[in-house]
Amino acid sequence: MDNLHIVNLASYNRPKISEDKNRDWVEYGDDNDYYSYLIELYTNSTTNNSIINGVVNMVYGKGLDALDSNQKPDEYAAMRSIFHDNCLRKLVLDLKLLGEGSFQVLYKNGKVVRAEHFPRQTLRAEKCNDNGEIEAYYYHPNWVKVKRSDKPQRIAAFGFGNGKEPEIKIVKRYVSGYDYYCPVDYQGGLAYAELESEIADYLINDVQNGFSGTKVVNFNNGVPDREKQMQIKNDVMHKLTGARGEKVIIAFNNNAEAKTTVDDIPLNDAPQHYEYLSNECSKKLIVAHRVTSPLLLGIRTENNGLGSNADEIKTAALLFDNITIKPYQELICEHIDDILAVNGIALKLYFKTLQPLAFIDTENAITDEAREQETGVKLSATFDDNKMFDLLSDFGEEEDLDNWELVDERAVDYDQEEALDKMISLASTGTAIPNAQSEQDGQVDDIKFKVRYQYAPLKTQENSREFCKKMVADAKIYRKEDIMRMSTMAVNAGWGPKGADTYDIWFYKGGGGCHHFWLRKTYMAKDVQPDVNNPNAQTTTEEAKRQGFRPQPNDLKVSTKPKDMEHEGFLKPRK
C-alpha cells in the first residue's frame with residue numbers, strides 16, 4: 001500500500017552531530033537546525049511548554065543573590081552590574097529548553113565589565129583542538145540558510161580570548177559522549193512532546209476540515225468549466241448559508257447516477273482514544289522532566305486535584321527542589337563564579353526560591369544560609385546560630401583542665417586588662433588562631449599562666465536569644481583574641497548598631513538587653529613547680545592564689561551586662 005504512511009516518532013528526537021571537513025564548525029541536527037526542533041516542540045506541545053515554563057520560573061525564582069552581600073558590598077555591587085536579571089532569565093530558559101545556555105563576556109582593561117545573554121541556537125561549536133578543547137564558537141542568525149560562501153562570525157570561547165575581545169561562556173551539564181553539544185535533560189520525553197503536538201494538529205485539522213458538510217447540493221446536468229463552477233458555488237453559498245458561513249458541499253456531476261458521495265472513516269471510541277493518548281503524553285513528559293508532582297507547576301490531573309494530601313505535596317516540593325531545581329541553580333552559579341573570578345570576586349551565590357513558605361522545611365534548615373536560600377527572604381544574619389556556635393565551639397576549650405589550677409575568677413574589667421597582663425608579663429592581644437595557645441598566656445619565672453574567658457552567668461531564660469542559649473549550654477572558655485575576632489564576624493547578626501551584622505561582642509556580649517558578661521579566668525600550671533629558692537616566684541604564686549590579681553575595677557562595659565547599661569546597651573531608649 002503505497003499511500004499508507006507510518007510516522008516513526010523515535011527517529012525525530014535523536015540529535016545528529018556531524019563534522020564537515022570543509023567547515024570549521026560542527027553541525028547539530030538535520031539541516032544543522034536541531035535547536036529549532038526543540039523550540040518547535042516547546043511551542044506546540046502543551047504539557048512540554050507548561051513544564052519548561054514552570055521549571056524555569058522555579059530555577060530563576062526571585063533572582064540571583066549572595067549570602068555574603070553584607071560583608072562584601074563592593075563585590076556584590078560589581079556582580080550585579082555584570083549580571084542583569086533579564087539576562088539571567090533568558091539564560092535559564094535556554095539552559096532548560098535547549099540543554100545549554102550562553103553568556104557573551106565583555107572585557108575592558110582585562111576585567112569583565114558585562115556578561116550578556118547570547119542566544120544559544122545561533123552558535124555552533126568549533127572543532128576541538130588537539131587537547132579536546134573548544135576554542136571558539138561561530139555565530140549565524142539562521143543556520144538553515146548558511147551557504148558555502150558565507151563566513152559566520154568566529155567568537156573566542158571563554159578563556160581563549162586575548163582579554164580584550166568578547167568571549168562565549170557556555171553553561172551546560174556534562175554528559176558522557178557529548179563533547180560539542182549537550183542533549184536536553186528531558187531527551188526521553190521528546191517523542192511524547194512530538195506526539196502531543198501531532199495530536200493537537202490532527203484534532204485542530206479534524207475540527208476545521210474533518211467534519212463533513214451538513215448539506216450536499218448536487219447539479220446533475222453536466223460539469224461546467226472552472227469559472228462557471230465558482231460562480232454557481234458563490235451564488236448557492238450566498239443564498240443558503242447567510243453570514244455564519246455554514247459548511248455546504250457543492251458538487252457538479254454528469255448525471256444523477258454519478259452524484260458525489262461523502263464517506264467517513266469512523267474511529268470507534270474516538271474521545272476515549274484521544275484522551276488516552278493525551279494523558280499518556282502528559283504522564284511521560286512529567287517523568288522525563290523529573291516532576292515529582294504536577295501541581296508544583298500548576299498542572300492538574302485527575303489524580304492530582306487541589307484536594308491532594310498536603311504532606312505529600314510538601315514532600316514532593318522538597319524532593320523536586322533537591323533533584324531538579326537546585327542542580328540547575330548550582331550549575332549556573334558555578335559558571336558565574338568562573339566569570340567573576342576574572343575580577344577576583346568570590347561570593348556565595350544562590351537563587352532566591354519561588355516556593356510557597358508552606359512547602360519549605362525551614363525549621364530543620366541547618367543554617368541561616370539554608371533558610372535564606374529556601375525562603376528567598378534576605379535575612380540579617382550571614383551565619384546561622386548553629387554555624388556560629390560551631391565556630392565558637394571550635395575556638396573554645398572544655399573547662400576540665402587537669403593540668404591547670406584556677407587561681408582567679410572575676411568579671412572582666414576592661415580598663416584593667418592591660419595592667420593585669422603586665423603583672424604576670426603577658427603579651428598583648430594578637431591575631432586569632434583557632435585551637436592555638438593564646439598570646440595572653442604567659443610565664444613568670446617557672447610559673448605558667450593561662451588566661452581564658454567564659455560567657456556568664458551560666459543560665460538563661462525562656463525568652464533568651466539563641467546566641468546566649470548556645471553559649472551557656474556549651475559552657476566553654478575562650479581566648480580574648482577569639483572573642484575580639486567575633487566582633488568582625490556576623491556571629492549574632494542583626495544586633496549591631498542600626499541592625500548591623502557585626503558589633504563589639506567584647507563589650508556588648510549578646511547585644512542590647514543581654515543579661516550576660518565575660519568572666520575572666522586565670523589558670524596556673526600544675527605540672528611545673530616553682531623554684532623554692534626564687535623569692536619572686538614564690539611570692540607570685542602565693543599572691544596569685546591568695547588575691548587572684550585583683551586590681552581596683554574602674555571599667556564598666558566588659559564587666560557590665562548590656563541590660564544594666566545606658567539604654568540597655570542600645571543606641572537610643574527603646575519605646
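Of the 575 residues in this protein chain, 44% count as buried. Keep in mind as you look around that this is a predicted model. The chain's secondary structure comes to 15 helices and 17 strands. Among the contacts with a separation of 6 or more, 69% link residues that are 24 or more positions apart. On the outside, the protein chain exposes about 31300 Å², and carbon and sulfur atoms supply 48% of that area.

**Helices 1, 2 and 4**

A good place to start is helix 1, which spans residues 34-44. How do helix 1 and helix 2 cross? Their axes come within 5 Å and cross at roughly 100°. An angle from 65 to 115 degrees counts as roughly perpendicular, so helix 1 and helix 2 are roughly perpendicular to each other. The residues that meet here are Leu41, Tyr42, Thr43 and Asn44 from helix 1 and Thr46, Asn48, Asn49, Ile52 and Asn53 from helix 2.

Helix 1 also packs against helix 4, at an angle of about 100° and with the axes 10 Å apart. Helix 1 and helix 4 are therefore roughly perpendicular to each other as well. On the helix 1 side, Tyr35, Leu38, Ile39 and Tyr42 take part, and they meet Leu93, Leu97 and Leu98 of helix 4.

Helix 2 itself covers residues 46-60, a run of 15 residues. From its first C-alpha to its last, helix 2 reaches 21 Å, close to the 21 Å expected at 1.5 Å a residue. The buried residues of helix 2 include Ile51, Ile52, Val55, Val56, Met58 and Val59. Thr47, Asn48, Gly54 and Tyr60 are also buried. Just after helix 2 comes Gly61, with a positive phi near 60°.

**A closer look at Leu97**

Leu97 sits in helix 4, which runs over residues 85-98. Is Leu97 buried or exposed? Its relative accessibility is 5%, and because buried means under 20%, Leu97 counts as buried. Leaving aside residues up to four places away in sequence, Leu97 touches Leu38, Ile39, Tyr42, Ile52, Val184 and Tyr186. Of these partners, Leu38, Ile39 and Tyr42 belong to the helix 1 side of the packing with helix 4, while Ile52 is one of the buried residues of helix 2. Val184 is 87 residues from Leu97 in sequence, yet the two C-alpha atoms are 7.1 Å apart in space.

**The six-stranded sheet**

Next comes an open sheet of 6 strands, in the order 5-4-9-8-7-6 and with mixed pairing. Strand 5 and strand 6 (123-125) are at the edges and have a single partner strand each, so one side of each is left without a neighbour in the sheet. On average, neighbouring strands of this sheet are turned by 40° against each other, direction ignored.

Strand 4 has a neighbour on either side in that order, strand 5 and strand 9. The table puts its two pairings together.

| Strands | Direction | Bridges | A pair of partners |
|---|---|---|---|
| Strand 4 (residues 100-108) and strand 5 (residues 111-117) | antiparallel | 6 | Tyr107 and Val112 |
| Strand 4 and strand 9 (residues 167-172) | antiparallel | 6 | Ser102 and Ile170 |

Strand 4 and strand 5 form a hairpin with 2 residues between the strands. Asn109 lies in the loop of this hairpin, and its phi is positive, about 55°, although Asn109 is not a glycine. With a relative accessible area of 73%, Asn109 is exposed.

**Other backbone spots to check**

Most residues other than glycine have a negative phi, and most peptide bonds are trans. Against that background, two further places deserve a look.

Arg290 is not a glycine, but it has a positive phi of about 60°. You will find Arg290 in the loop between helix 7 (270-288) and helix 8 (310-341). How exposed is Arg290? With a relative accessible area of 34%, Arg290 is partly exposed.

The other place is the peptide bond from Ala456 to Pro457, which is cis, with omega near -5°. Pro457 belongs to the loop between strand 15 (447-456) and helix 12 (466-474).

Methods:
Residues numbered from 1 in each chain as written. Predicted model: local features only at pLDDT ≥ 70, side-chain atom pairs only at ≥ 80, totals over all residues. Heavy atoms only, no water. Pairing = 2+ DSSP bridges. Helix = DSSP H or I, 4+ residues; strand = E, 2+ residues; numbered from the N terminus. Axes fitted to C-alpha atoms, helices over the stretch in contact; angles between N-to-C directions. Buried < 20%, exposed > 50% of the residue type's maximum accessible area, 1.4 Å probe, protein only. Contact = heavy atoms within 4.5 Å. Areas by Shrake-Rupley, 256 points an atom, 1.4 Å probe, with all protein chains shown as cover. Expected span 1.5 Å × (residues − 1). Parallel < 35°, antiparallel > 145°, perpendicular 65-115°, else oblique.
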